[in-house]
Amino acid sequence: MTKNFIALSLGLSLSFFTISSFASTQTQNVDAKVIVQNTFKLEVKQTLDFGTVRAVSKASSAAALSVPANPNLQISTTAAGGSDPAIMDILDSASAQPAQLTIAEATKYTPLTIELPDVGTTPVELATTGPGTTPVFKITAFTLYATVGQNANQDIAITTNQGTITTDGTGNAEFNLGATLTTDDIDGEYVDGEYTGTVAVTVSY
């Protein structure tokens, strides 16, 4: 009994020693990364067009033409008062349309700020090639309407020349830009032709 007991005890001791001798500590390096994409795509899908008009500029008054951003509203004109008023009559509205801008690859469900020129202080001018005395047209107000995004099919309020649109679940958004065009504040005859200008639209997080 004693001998067997000793042998058994030795066998247990050897087994424990064998297991302990193979125990080890290992370290692995795990790579980590993050991708930053602060940029997104902003593209003009459709330009702003006021159609074809008959216009006369007067120093004492101004006539206006409005192309709304909201597709449910109609193009309209505002007549000038007085005995010799400025004139802005629509001759052909077939090409008249608000501008359309698309946003893609932005963060989903995220508000973006749309910043427009301060036309209340400095109107955007549409001019043509002609005599130096040829009057210009002036963009004096804007409207915004969301067509794609979390706030789709809604007017976008403009406060201090800024509005907000929220992207959808794919990081996309789209909006219309409408505007009011007024006659110049000088007495003059508009020459026939195309009057053009540029509106700077900025979108940011």
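**Entry 1: the largest pocket**

I looked up the largest pocket, and its volume comes to about 770 Å³. I noted that this is a predicted model, where local features need pLDDT of at least 70, side-chain atom pairs count only at pLDDT 80 or more, and totals for chains, interfaces and linings use all residues. Residues are numbered from 1 along each chain as its sequence is written, and side-chain values use heavy atoms, with hydrogens and water left out.

For my own reference, a pocket is an open set of points on a 1 Å grid over the protein atoms alone, where a 1.4 Å probe fits, with protein on both sides within 12 Å along at least five of seven lines; lining residues have an atom within 4 Å of a point. Points are joined across faces, edges and corners, and a volume is the space filled by probe spheres set on them.

Which residues lie closest to the centre of the largest pocket? I found Leu48, Asp49, Phe50, Leu126 and Tyr195, out of 31 that line this pocket. I sorted the lining by class and got 19 nonpolar, eight polar and four charged residues. Here Ala, Val, Leu, Ile, Met, Phe, Trp, Tyr, Cys and Pro count as nonpolar, Asp, Glu, Lys and Arg as charged, and the others, Gly among them, as polar.

**Entry 2: strands in the lining**

I then checked the strands (DSSP runs of E, at least two residues, numbered from the N terminus). At least two lining residues of the largest pocket come from each of β2, β6 (99-104), β8 (124-126), β9 (137-148) and β12 (173-182). Strand β2 gives the most, with four residues.

**Entry 3: the sheet around β2**

I followed β2 into an open sheet of three strands, ordered β5-β2-β13 with antiparallel pairing. Strands β5 (87-92) and β13 (188-189) stand at the edges with a single partner each, so one side of each has no neighbour in the sheet. Two strands pair if DSSP finds at least two bridges between them.

Strand β2 (residues 52-57) is joined to β5 by five bridges. Among the partners, I saw Ala55 matched with Met88 and Val53 with Ile90. On the β13 side I counted two bridges, and there Ser57 stands opposite Gly188.

**Entry 4: the second largest pocket**

This one holds about 180 Å³ of space. Its lining has 14 residues, with Leu73, Ile75, Ala96, Gln97 and Pro98 nearest the centre. By class I noted eight nonpolar, six polar and no charged residues.
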